[in-house]
Amino acid sequence: MELQYPGKRPLQEIREELLAAAAGSARDIPSDFKTGLAVTGDNYEVMLSLLRHFAGKIDLVYTDPPFNTRSCFFRGTDRVSTVSHGSSDRVAYNDSMPMDEYLEFMRVRLCLIHLLLSESGSLYLHIDNRAGPYLRILLDEVFGMDNFLNDISRVKCNPKNFSRAGYGNCKDVIYLYAKNRDQVIFNGITEPHSEEDLARLFKKKDARGRRYTTVPCHAPGESAGDTGGMFRNQLPPPGRHWRYAPDVLAELDEKGLIEWSANGVPRIIRYADDAAGKKIQDIWLRYKDPQYPRYPTEKNSEMLEMIIRQSSRETSLIMDPFAGSGSFLAAGVRLGRRVIGIDSSSEAMAVISGSPELSGFSFAEVSRCR
Ligand SMILES: C[S@@+](CC[C@H](N)C(=O)[O-])C[C@H]1O[C@@H](n2cnc3c(N)ncnc32)[C@H](O)[C@@H]1O
């Protein structure tokens, strides 16, 4: 299955052209940077230059490209805006292209990202619900359908009350693709239970007020081994086996971690404060856009930190090729990752270079060669 649009070139031709252009590129950009590298320029040229040193070396790309909203984004000294802007506000970036050009612009860059990712790497592509479905098909083409991992709905703002027809739009989407789903880094980061979850899942309280729940000591299936044996003069009920060997259950009992009912049925105690958090689902409610952004369309830094903790290692090199305010770069620095950021806007670079968190960065510029 493929998406058709005017000007769409064969994928193989694009890949060969990129590799040939990378091999012939006379440019070099620093590869020995310490904390991070921020490059001003078109990310097509910059990623081509990065291929020489970093092809197959980047473990995580988060990126939030222009969504082709047909708007222009401005940045003033004390505010950011789209439609209304003051005379002294400067253009941060223009977000308007014919749709076919936009799709090919993105497709070529997705190929570059794919070449730069390591075999255990992944891409988070942040996009809205208009451009998103088209890019999803292009991602399937470039990464392969089997490497699709998630489409995440991210609630971006509070409910809206516009009068125009249609439901309020308060979400955008993030597509997660692996370079190779069998090797992808996914650290199983969980999120803490809410107070409501805790009250629902851990209904009981002990004498010290610690919340807990209990689970049966046995599980389905008979066993002829240890777990089918005697615990405190009881065999497991017919058709079941003990969850742990009887000596382990006895140890739990001695530690006060078995609750006995009035008629002598044992259950294992699980405390709320020992419980792991809950698996993160594909609807993200807690990462709305910042209230006072330094740059238009700046993203939530807690969300970016979670993505980095989830999908990279401490030793990983990570990248955002449409870096904007550098929100992802700063999140990477806070977590001790080496980060590469690219943006073509001088306004974006002004925010990045003025950010105290990014003071250890190396800076470079790549000018257009075509
Ligand atoms: C949606 S914003 C990114 C916002 C960013 N995620 C943040 O949290 O601040 C998209 C950015 O892509 C940049 N951009 C657009 N076309 C580009 C290109 N060809 N190369 C590099 N950057 C580009 C724009 O200047 C803009 O800063």
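The following questions and answers concern the cores, helix packing and selected residues of a predicted model.

Me: On what basis are residues numbered and values computed here?
Reply: In this predicted model, local features need pLDDT of at least 70 and side-chain atom pairs count only at pLDDT 80 or more, while totals for chains, interfaces and linings use all residues. Side-chain values use heavy atoms, with hydrogens and water left out, and residues are numbered from 1 along each chain as its sequence is written.

Me: Which helix gives the largest share of the largest nonpolar core?
Reply: A nonpolar core is a set of buried Ala, Val, Leu, Ile, Met, Phe, Trp, Tyr and Cys residues joined through side-chain atoms within 4.5 Å; buried means under 20% relative accessible area, exposed over 50%, and partly exposed in between, with a 1.4 Å probe and protein chains only. The largest core has 51 residues, and those with the most contacts inside it are Leu18, Leu50, Leu123, Met319 and Ile340. Helices (H or I, at least four residues) and strands (E, at least two) are DSSP runs numbered from the N terminus. The largest share of this core, 11 residues, comes from helix H3 (residues 99-116).

Me: At roughly what angle do the axes of H3 and H4 cross?
Reply: H3 passes H4 in a right-handed crossing, the term for a near helix turned clockwise from the far one by less than a right angle, left-handed being anticlockwise. Axes are lines fitted to C-alpha atoms, for helices over the stretch in contact, and angles run from 0 to 180 degrees between N-to-C directions. The axes of H3 and helix H4 (residues 132-143) come within 10 Å, and their crossing angle is roughly 35°.

Me: How many residues of the contact of H3 with H4 are nonpolar?
Reply: Contact means heavy atoms within 4.5 Å. Among the residues involved are Leu103, Met106 and Leu110 of H3 and Leu135, Leu138 and Leu139 of H4. Ala, Val, Leu, Ile, Met, Phe, Trp, Tyr, Cys and Pro count as nonpolar, Asp, Glu, Lys and Arg as charged, and the others, Gly among them, as polar. The contact has 2 charged residues, 1 polar and, as the number of nonpolar ones, 13.

Me: Which residue caps the N-terminal end of H9?
Reply: The buried residues of helix H9 (residues 346-353) are Glu347, Ala348, Met349, Val351 and Ile352, and their cover includes helix H8 (327-334) and strand E19 (338-343). A polar contact is a pair of N or O atoms within 3.5 Å; within protein, one must be able to donate a hydrogen and the other to accept it, and residues adjacent in sequence count only if both atoms are side-chain atoms. The backbone nitrogen of Glu347 lies 3.1 Å from a side-chain oxygen of the capping residue, Ser345.

Me: What distance separates the C-alpha atoms of Arg90 and Glu347?
Reply: Arg90 is found in strand E5. Beyond four places in sequence, Arg90 touches Phe73, Phe74, Arg75, Gly76 and Glu347. Arg90 and Glu347 are 257 residues apart along the chain, yet their C-alpha atoms are separated by 7.8 Å.

Me: Why does Glu298 count as buried, and which backbone nitrogen lies 2.6 Å from a polar atom of its side chain?
Reply: Glu298 lies in the loop between strand E17 (283-284) and helix H7 (301-311). Glu298 counts as buried because its relative accessible area is 11%. The backbone nitrogen lying 2.6 Å from a polar atom of the Glu298 side chain is that of Arg294.
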